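Hi,

Here is the structure I promised to send over. Have a look at it first, then read my notes below.

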Amino acid sequence: MVKHVVRSQMFTPELLSALFKRADVFREVVDKGQKLDLLTVLAGLGMIYMFWEPSTRTRLSYVRAAHLLGMSVEGSENAGEFSSTIKGETLEDTIKVISSYVPDVIVMRHKQDGAAERAAQVSRVPIINAGDGRGQHPTQALLDVYTIQRELGQLGGLVVVIGGDLKRGRTVRSLAYLLGKYPGNHIIFLSPPQLRVGDDIKEYLAEKGTTFEESGDVEGSLRRSHVVYWTRVQTERKVDGEEPVPQNIAEQFIISAKQMSWMPKWSVLMHPLPRVNEIKVEVDADSRAAYFRQAENGLYVRMALLEWVTKS
Amino acid sequence: MVKHVVRSQMFTPELLSALFKRADVFREVVDKGQKLDLLTVLAGLGMIYMFWEPSTRTRLSYVRAAHLLGMSVEGSENAGEFSSTIKGETLEDTIKVISSYVPDVIVMRHKQDGAAERAAQVSRVPIINAGDGRGQHPTQALLDVYTIQRELGQLGGLVVVIGGDLKRGRTVRSLAYLLGKYPGNHIIFLSPPQLRVGDDIKEYLAEKGTTFEESGDVEGSLRRSHVVYWTRVQTERKVDGEEPVPQNIAEQFIISAKQMSWMPKWSVLMHPLPRVNEIKVEVDADSRAAYFRQAENGLYVRMALLEWVTKS
Amino acid sequence: MVKHVVRSQMFTPELLSALFKRADVFREVVDKGQKLDLLTVLAGLGMIYMFWEPSTRTRLSYVRAAHLLGMSVEGSENAGEFSSTIKGETLEDTIKVISSYVPDVIVMRHKQDGAAERAAQVSRVPIINAGDGRGQHPTQALLDVYTIQRELGQLGGLVVVIGGDLKRGRTVRSLAYLLGKYPGNHIIFLSPPQLRVGDDIKEYLAEKGTTFEESGDVEGSLRRSHVVYWTRVQTERKVDGEEPVPQNIAEQFIISAKQMSWMPKWSVLMHPLPRVNEIKVEVDADSRAAYFRQAENGLYVRMALLEWVTKS
C-alpha cells in the first residue's frame, strides 16, 4: 500500500516515536562526519517536488534531506507560474503525469485546502504534504513535536503556550492536532481577540480530552509554560475584511529579554521561522531559544519521513 | 562526430527501432524495481538544460531521465528572464560558454524557430532540441511514435487522424514528418477551416508518397482511425490577426464518451498534454485513452536518447 | 577553522599557486575523458547556493564544478523574490537556517555590499562570495588571474590594460586587488572620463607599490599591453544621476579587428562576459581572444576552491 503523508492526524505516538529514533540516528551519523555512509540509504530512489506556492526554506530542507540519503531530486519551485497549471491543467492531471515519471515520492505544497488529499487519490507514489492552503502542514508539526521531545524529553504533561496569530497559521493547526495525541497536555491559546484559534481545533481537542484555554494575558501565560510556540501578529495587513490588530495590542506580542524573564528556566521558546521582529535578536543568545535548533531538527525528521514512505 | 538532435527528419526507421529497444529495456529494469542498476549507465556524465521558454513537464521528464541513468544535471528553467540574454548576449555566446562547462549534452528549448540549429553549429557537445518556436519538437514526435508502436505493434499501414489546431502545433509538424517515413500510412488532418495544417508539411508528405486528406468531419474521421492524435482548439484567442474559431465549431472538437463510441475497438487516443477540456475526464477510464501512458513513454525514450547522444 | 572566501585580498600568491595547480589537475582528468574518477573527490559533501541576485552563468559554473567532484547541490536562484527575504527575514537568520541544513559550503550572491562578510560571521560552514553589490567578486578575480597565468605563463611584470566602465564593475575592483600582489605589474586604467576607477583601488595599489596610470587613449594603451581586460561602456543608462557617456566616446571603447591590430602578438584579450557589442564577433577567431577559454577556466578554478574550503 502506498503511504501518503497528508494530514497530521495520521501520526500515532508509536509512529512518531519510530520516526524520531531514525532522525536521531541520521543526526548522529552527520555529527560524526560520516555523511558518505548515508548515501546508500535511499540510493537509486528519486524525489520530485512540486511547489505551487514557493517556500525556499521548506523546499531546501526536503531536497537536502533527500540528497543526504542518496536520492536524486528534481522539481518545480514555482509550479503555479511556470507549469501547465497556467494552461488550465487540473491538479489531478499534473500529478498523474508527474507520477508517471516513476519518482519514489512526490513532495508538494499548494495554495488550496485539501490539494494534497486530492493528489493522493490519483498518485501511484507517496505524496508528502508540505503545506496546503490554510489547511495542514503535517511535516512542520512533526518537527515541532520532535523538537519538544529533544528539548524537554517528554511529549505529555506539558503546558504549551501557542501564541500570536492563531487564526491563519496552518502550523498552529497541525501542531495542536499532534499535541492532542499525548496525555496530560494543556494548551494555552494566547492571542489578540481578533486572531483567535478556529472552532474546529477546539472541538478536536475537547474530543481528545486535551484541556485548553484562550487568553490574552502574555505574562500570566508565559510564567506557566513548558513550551512557548510563537508566531507573528501583523498590524499592517487587513485580511478577509477583518479588523486589523491595533498597534498597542500587537506590541504585547513581541518577545524580548523582559518576556524571557517571565518564562521558567526549564521552558523552551519555539518559532516556525522566518521571524521578523516578533522575537528580538537579543533573545537568540538565550539557551531556551530553540528556533534555530528546531530548523535543523526539520532536516533529520524529513530524512526519517522520506525513508519511511519509500521503504516498506 | 558530435550527435545533435535538432529536427525529427534525422530519425531513420532503423535509428528509431534501436532507440525504442533501449527504451523498452530501461522500462523493464524500472518495472522490476531495479533502479539502482541504472545509475551506472551514464555515471560521471552531465546534462545542462537551458529553457528560454519554460516547460515544467518537458524539463522534469529530461532531468528525471538523466538522473535515472546516473547523470548529474543543472540548468536554467527560465533562461530568457534570468540569464545573460537580458543583457543582450547572443544565443551563440551563451551556448559557447555553457558548453565550456564540459557537459556531455545540452538540452534546450527556445522561442525562436531554428534556435537549436544555431546552437548546434557552435556547441562542442550534443544539442537536444526540446522545442524551438513554431518549428520542431523532435523528442515529442519520438515519444508519440514510440507510443503508437507500443499500443498498436506497428508503425506503417495506419490511418492516423491528427485533429484540432493544426496551424500552430509544432508537435503536429514533427509527428507528421516521422509518420511519412513508414509505408502505407494515411493521415487525416481534421481541423476547423481556420486551423488547417501548413503547406510545407503537405508538400513533404506528397514527396514521401504518404497519402493524406484534409477534413472537418469529426465522426467520419474517427470511425476510420487507428490512431487519433488530439490537440486543443481555442476559441478565446485571436492569434496573428486570424479570425477566431466560432464556438459552435470549436465544440465539435471535444472528445467525450460519444466521440469515443465512434472510434474502433483497436484504435488509440493520444494527446501531448496538458489537456484542458478538449478531452473530457470521463474518457480517461477508457482503455483506448493512451495519453498518460504516452507521458510515461516519454521518460524511457528520453533515457534512450540521452544514452545514444553521449555514447558512441 | 572555517575557511570563508569573502574578499579577493585573502588570496596570497602561495594560495593562488596551490589552487591553480589543483585546477590544472582537474582539467587534465576531464580532458582525458575520466570524469568518473572525479566523483569521489568530494563525494558525500553538499553545496547550497543562495543567489539574491540572479546570475545563471556564475551559478551554473559553481553547480557544475560541485557536481563534477561528486557533491550534491541545492539552492535558490532567485532568493530575493521567493524566499523568506520577502517576509522580512534578515540575511543573518537566513544563513543560520541554511547552515543548519549541514551543507559543507554555501555559495552566495547578493545585491548589498558586505553581505558575504555578514554571512560569514554567523555561518557554521564556509561562505563563498560569488559577488556582493558593487563590492567584491573574488572568484571572478581568481579565474581572471588563473587565465593570465595560463595564457602568459607569469603574473608579475605585466602591463595590464583594464578598459571600459571602471566605475561600477566589481570585477575590475577584485582583479586590481589581486594584480597588486605580484611584483612589477603596471596597470593602465583606460576609460571615458565619466567612468574612472574609484579612489579606494588607487590608494590600495599605491600602498602595494603597484604603478598605474589613468588614460583615455585606447590605441596608445593597447599598443603597450600584455593583457587587455575589457568591459562594456553603456551609453543608454544614466546611473546615480551621472552624466551618460556621449555616443562618440563610447564608440572608441569597442574592440574590432582594427583595435586588435594595435595589440602586440603576445598579448591577450579578456572579458568577464556576457559581451554585447563591445567586442565584435569578428574578433573571436583571433587566437589572442581568450574570453571563452576564460569562462572554461572558471570551472576548474571553482573546483579547486570548493575542494580547498571543504577539505582541511
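The buried residues of α9(B) pack against three other elements of chain B: α8 (170-179), β6 (186-190) and β7 (211-215). Before I go on, keep in mind that this is a predicted model.

So which residues of that helix are the buried ones? In α9, which runs over residues 199-208 of chain B, they are I201(B), K202(B), Y204(B) and L205(B). These residues sit on the same side of α9(B), because they cover an arc of only 160° around the axis. You may remember the general rule here: an α-helix has 3.6 residues a turn, so residues three or four places apart point the same way. Now turn the helix around. On the other side of α9(B) you'll find D199(B), E203(B), A206(B) and E207(B), which are exposed. And just after α9(B) comes G209(B), with a positive phi of about 80°.

Next, pick out Q140(B), which is part of helix α7 (residues 138-152) of chain B. Is Q140(B) buried or exposed? Its relative accessibility is 8%, and the cut-off for buried is under 20%, so Q140(B) counts as buried. What does Q140(B) touch, once you skip its neighbours within four places in sequence? Its contacts are T171(B), Y229(B), P272(B), Q294(B) and R302(B).

Now for the places where chains meet, beginning with chain B and chain A. People often give the size of an interface as the accessible area lost when the parts come together. Here chain B and chain A bury about 2,300 Å² between them, and carbon and sulfur atoms account for 56% of it. On the chain B side, R57(B), L60(B) and R64(B) supply 25% of the area buried against chain A, more than any other three residues. The contact involves 27 residues from chain B and 26 residues from chain A.

How many salt bridges are there across the interface of chain B and chain A? There are six salt bridges. One to look up is between E296(B) and R124(A), where the closest N and O atoms are 3.3 Å apart. The interface of chain B and chain A also has eleven residue pairs in polar contact, both residues being at pLDDT 80 or more. Which elements of chain B give two or more residues to the side that touches chain A? They are α2 (35-38), α3 (56-68) and α13 (291-310). The largest share comes from α3(B), with nine residues. Sorted by class, the side of chain B that touches chain A has 14 nonpolar, four polar and nine charged residues.

Then look at chain A and chain C. This contact takes 27 residues from chain A and 26 residues from chain C. The area buried between chain A and chain C is about 2,300 Å², with 56% coming from carbon and sulfur atoms. In chain A, the residues that lose the most area to chain C are R57(A), L60(A) and R64(A), together 25% of what that side buries. Between chain A and chain C the count is six salt bridges, and one of the salt bridges joins the side chains of R124(C) and E296(A) (3.3 Å, N to O). For the side of chain A that touches chain C, α3(A) gives the most, with nine residues.

Shout if you get lost anywhere.

Cheers

Definitions and conventions: Residues are numbered from 1 along each chain as its sequence is written. Chains are lettered from A and ligands numbered from 1 in the order in which they are written. This is a predicted model: local features need pLDDT of at least 70, side-chain atom pairs count only at pLDDT 80 or more; totals for chains, interfaces and linings use all residues. Side-chain values use heavy atoms; hydrogens and water are left out. Contact means heavy atoms within 4.5 Å. Buried area is the accessible area (1.4 Å probe) that two parts lose on being put together, summed over both. A salt bridge is a side-chain nitrogen of Lys or Arg within 4 Å of a carboxyl oxygen of Asp or Glu. Helices (H or I, at least four residues) and strands (E, at least two) are DSSP runs, numbered from the N terminus. A polar contact is a pair of N or O atoms within 3.5 Å; within protein, one must be able to donate a hydrogen and the other to accept it, and residues adjacent in sequence count only if both atoms are side-chain atoms. Ala, Val, Leu, Ile, Met, Phe, Trp, Tyr, Cys and Pro count as nonpolar, Asp, Glu, Lys and Arg as charged, and the others, Gly among them, as polar. Buried means under 20% relative accessible area, exposed over 50%, partly exposed in between (1.4 Å probe, protein chains only). The arc is that of the directions from the helix axis to the C-beta atoms.
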